[in-house]
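Biologist: Walk me through one buried spot in this model, please, and then follow the packing outwards from there. Keep it informal, but give me the cut-offs as you go.

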Amino acid sequence: MAAPRTALLAHLQTWRPYTLWYPGLVGLAGATLAGAHPTTGQLTVAWAAPTLGWVAGHYLGDYYDRDLDALSKPQRPIPSGRLSPRTAVAAGIGCIVAVAALALWANWRAVAVAAAAMAGIVAYSRVLKGRGLPGNLIRGVLTALTVLFGAMAVQPWPPWRALPFALVFLAHDTASNLVGTLRDVDGDREGGYATVPVRRGLRRATHTAAALYLAAVAMACAATELVPGDTAGYLVLLSAAALCGAGAFGLLLRSPGHLAPALALRAHAVLVAERLVLAAAVVAAGAGAAPALALLTPLLAVSVITQSRMRSRHEFPAPPLTDGGPSLPEPRP
């Protein structure tokens, strides 16, 4: 049996703490768009349920990817033996049950949204992840559902103004997920995963992701008229997010045909931070810039620090040792 410290670290690595704060922030964004005065309990549900669903997706995704990871990422918790497949499934199911309980407590209608999201997580992890653009698209749909769930944690039905923002996150996270596949082309090809870069090449995948990202920014700009609260705060944070996105895609578009995995990871790492800023912009739209910045500042700091310390080791196996030590330096995001 693994030592408690080793097991705890394996769970922590499975959670990906550098990504863990995003779904809750998106849920809060949906709650602030509801146009009411949410209670502490409602805000807690809007934050906690999407976060637990995200963690469930990581557990189940790592379970379904265990054979592929054994080929290309043997250092990860399941293929390395630090987390058993049975434990991963049990933890994922436990998170799903908690999501259902929270949704039922907040608004019985939201249970249907939560159920659709959980079905999407399983479909993505089990089937669609290796099927090209449909897999990327379902990831965007999951975040769009998170916006609607956050709104329904506050009132029975999501307001119509939440729908354009849900579409923004749909396009954005489809693009971000597609960027996430650029670093794994060799491993995905070996494992039989027909992702967009495997099927269409890095150039086509990069250009498709850039187009989707531009569509997300354009829709976010068009939605300015629907902002119920702090329009200036929304636009400032949206501009900051767009600048981060431009930096990420600038890295990719300079060499789309011969993209090194470390560079692809670096670009996606920027998007992991950028999407927190985007979600905070929508929080500012409903609740004002001050609460949005109060949430964003610590979450962004934790995400950046944990990415720098954990992510490269999670994505790339350690380089082989030679008589003189490592043959290549470990890539960093």
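Modeller: Let's start with threonine 195, which counts as buried because its relative accessibility is just 3%. For that scale, buried means under 20% relative accessible area, exposed means over 50%, and partly exposed is in between, using a 1.4 Å probe and protein chains only. Before going on: this is a predicted model, in which local features need pLDDT of at least 70 and side-chain atom pairs count only at pLDDT 80 or more, while totals for chains, interfaces and linings use all residues. Residues are numbered from 1 along each chain as its sequence is written, and side-chain values use heavy atoms, with hydrogens and water left out.

Where does threonine 195 lie? You'll find threonine 195 in the loop between helix H9 (185-191) and helix H10 (196-200); helices here are DSSP runs of H or I with at least four residues, strands are E runs of at least two, and both are numbered from the N terminus. Its contacts (heavy atoms within 4.5 Å), not counting residues up to four places away in sequence, are Lys129, Gly130, Gly132, Thr181 and Asp188.

H9 also turns up at the largest pocket, where it gives the largest share of the lining, three residues. On a 1 Å grid over the protein atoms alone, a pocket is an open set of points with protein on both sides within 12 Å along at least five of seven lines, a cavity is a set where a 1.4 Å probe fits but cannot get out, and lining residues have an atom within 4 Å of a point. The largest pocket has a volume of about 270 Å³, volume being the space filled by probe spheres set on the points, with grid points joined across faces, edges and corners. Of the 14 residues in the lining, Arg183, Asp184, Asp186, Pro261 and Phe316 lie nearest the centre. By class the lining has seven nonpolar, two polar and five charged residues. In that scheme Ala, Val, Leu, Ile, Met, Phe, Trp, Tyr, Cys and Pro are nonpolar, Asp, Glu, Lys and Arg are charged, and the others, Gly among them, are polar.

The second largest pocket has a volume of about 200 Å³. It also has 14 lining residues, with Gln13, Gln75, Met310, Arg313 and His314 closest to the centre. H1 and H14 each supply at least two residues of that lining, and H14 gives the largest share, four.

So much for pockets; now for H14 itself. This helix spans residues 289-315 and has a kink of about 45 degrees centred on glutamine 307, taken as the angle between axes fitted to the seven residues ending at a position and the seven starting there. The buried residues of H14 include Leu296, Leu299, Ser303, Thr306, Gln307, Met310 and His314. Among what covers them are helix H1 (4-15), helix H2 (21-32), helix H3 (40-64), H12 and H13. Leucine 300, also in H14, is partly exposed because its relative accessibility is 24%. Leaving aside neighbours within four places in sequence, leucine 300 is in contact with Ala273, Leu276 and Val277.

Back at H1, leucine 8 sits in that helix and is exposed, at 57% relative accessible area. Arginine 16, in the loop between H1 and H2, is buried because its relative accessibility is 9%. Arginine 16 has a positive phi of about 50 degrees although it is not a glycine. Most residues other than glycine have a negative phi.

There are also two cavities of 30 Å³ or more. The second largest cavity has about 30 Å³ of space, and H8 (162-180), H11 (202-222), H12 (231-253) and H13 (261-287) each supply at least two lining residues. H11 gives the largest share, four. That lining divides into nine nonpolar, one polar and one charged residue, and includes His172, Tyr213 and Glu274.
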